[in-house]
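Thanks for making the time this morning. I would like to walk you through one chain, beginning with a pocket and working outwards from there.

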Amino acid sequence: MEDERRMERELYERFGEFGLGADRDRELPQIGAVHLAAGYLLSSMLGCRIEYTADAALQVVCAHRDDFQIDESAAFQSPDFLRLLRLMETLEKNTVTSVETSIGGGES
């Protein structure tokens, strides 16, 4: 959330007059490019292999499918999509806890 807040602040400082950066002071769980690794998620969901190396950007390796049929249910059960869901749940839980604590509704 800190990275998203920093980006919102920068947007406000540069383009606030156009309405950008309105959420700069709010703790909002947002899924963005930093979580989606520049678009690899969709490729992974469709069966492509993702290769990670220490000294280079990730590489998407074609799934070499024989057809253009997509199994939607399998895509949404892929390991990377399930990892994203867990991240979203964690962000949501931490944000709710943070807001409850800041308004005095959290556990003592």
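What you see is a predicted model, and I will start with the lining of its largest pocket, which by class has 8 nonpolar, 3 polar and 4 charged residues. That lining is made up of 15 residues in total, and those that lie nearest the centre of the pocket are Leu46, Arg65, Asp67, Gln69 and Ile70. As for the volume of this largest pocket, the computed value is about 250 Å³.

Let me now step back to the fold. The chain has 5 helices and 2 strands, and if you read along the sequence you will meet them in the pattern α-α-α-β-β-α-α. Of the 108 residues of the chain, 15% count as buried, while the accessible surface comes to about 8500 Å², with 54% of that surface belonging to carbon and sulfur atoms. Looking at contacts between residues at least 6 apart in sequence, 45% of them join residues at least 24 apart.

With that in mind, I would like to turn to a few individual residues. Please find Cys48, which sits in the loop between helix H3, residues 40-45, and strand E1, residues 49-53. Which residues is Cys48 in contact with, once its neighbours within four places in sequence are left aside? They are Ser43, Val60, Val61, Cys62 and Ala63, and for Ala63 we also have a distance, since the C-alpha atoms of Cys48 and Ala63 are 4.4 Å apart in space although the two residues are 15 apart in sequence.

One of those partners, Ser43, has its place in helix H3, and, not counting residues up to four places away in sequence, Ser43 touches Cys48 and Val60. Is Ser43 buried or partly exposed? Ser43 counts as partly exposed, because its relative accessibility is 21% and buried means under 20%. Further along the chain, Ala75 is 32 residues from Ser43 in sequence, and the C-alpha atoms of these two residues are 9.6 Å apart.

Next, consider the loop between strand E2, residues 56-61, and helix H4, residues 72-75, where Asp71 is found. At 47% relative accessibility Asp71 counts as partly exposed, because the exposed class begins over 50%. The C-alpha atoms of Asp71 and Met45 are separated by 9.7 Å, with their positions 26 residues apart along the chain.

His64 lies in that loop between E2 and H4 as well, and its backbone deserves a look, as phi of His64 is near 50°, a positive value in a residue other than glycine. His64 counts as exposed, because its relative accessibility is 63% and the cut-off for exposed is over 50%.

Finally, a word about the aromatic rings, where the count comes to 1 aromatic pair. That pair is formed by Phe76 and Phe81 in an edge-to-face arrangement, with 5.0 Å centre to centre and 85° between the planes. How do the two partners stand with respect to the surface, and which of them counts as buried? Phe81 does, because its relative accessibility is 15% and the limit for buried is under 20%, whereas Phe76 is partly exposed, with a relative accessible area of 43%.

That is where I will stop, and I am happy to go back to any of these residues on the screen.

How values were computed: Residues are numbered from 1 along each chain as its sequence is written. This is a predicted model: local features need pLDDT of at least 70, side-chain atom pairs count only at pLDDT 80 or more; totals for chains, interfaces and linings use all residues. Side-chain values use heavy atoms; hydrogens and water are left out. On a 1 Å grid over the protein atoms alone, a cavity is a set of points where a 1.4 Å probe fits but cannot get out, and a pocket is an open set with protein on both sides within 12 Å along at least five of seven lines; lining residues have an atom within 4 Å of a point. Grid points are joined across faces, edges and corners, and a volume is the space filled by probe spheres set on the points. Ala, Val, Leu, Ile, Met, Phe, Trp, Tyr, Cys and Pro count as nonpolar, Asp, Glu, Lys and Arg as charged, and the others, Gly among them, as polar. Helices (H or I, at least four residues) and strands (E, at least two) are DSSP runs, numbered from the N terminus. Buried means under 20% relative accessible area, exposed over 50%, partly exposed in between (1.4 Å probe, protein chains only). Contact means heavy atoms within 4.5 Å. Accessible areas come from the Shrake-Rupley method with a 1.4 Å probe; for residues, only the protein chains shown count as cover. Rings of Phe, Tyr and Trp (its six-membered ring) pair if their centres lie within 6.5 Å; planes under 30 degrees apart count as stacked, over 60 as edge-to-face and the rest as tilted.
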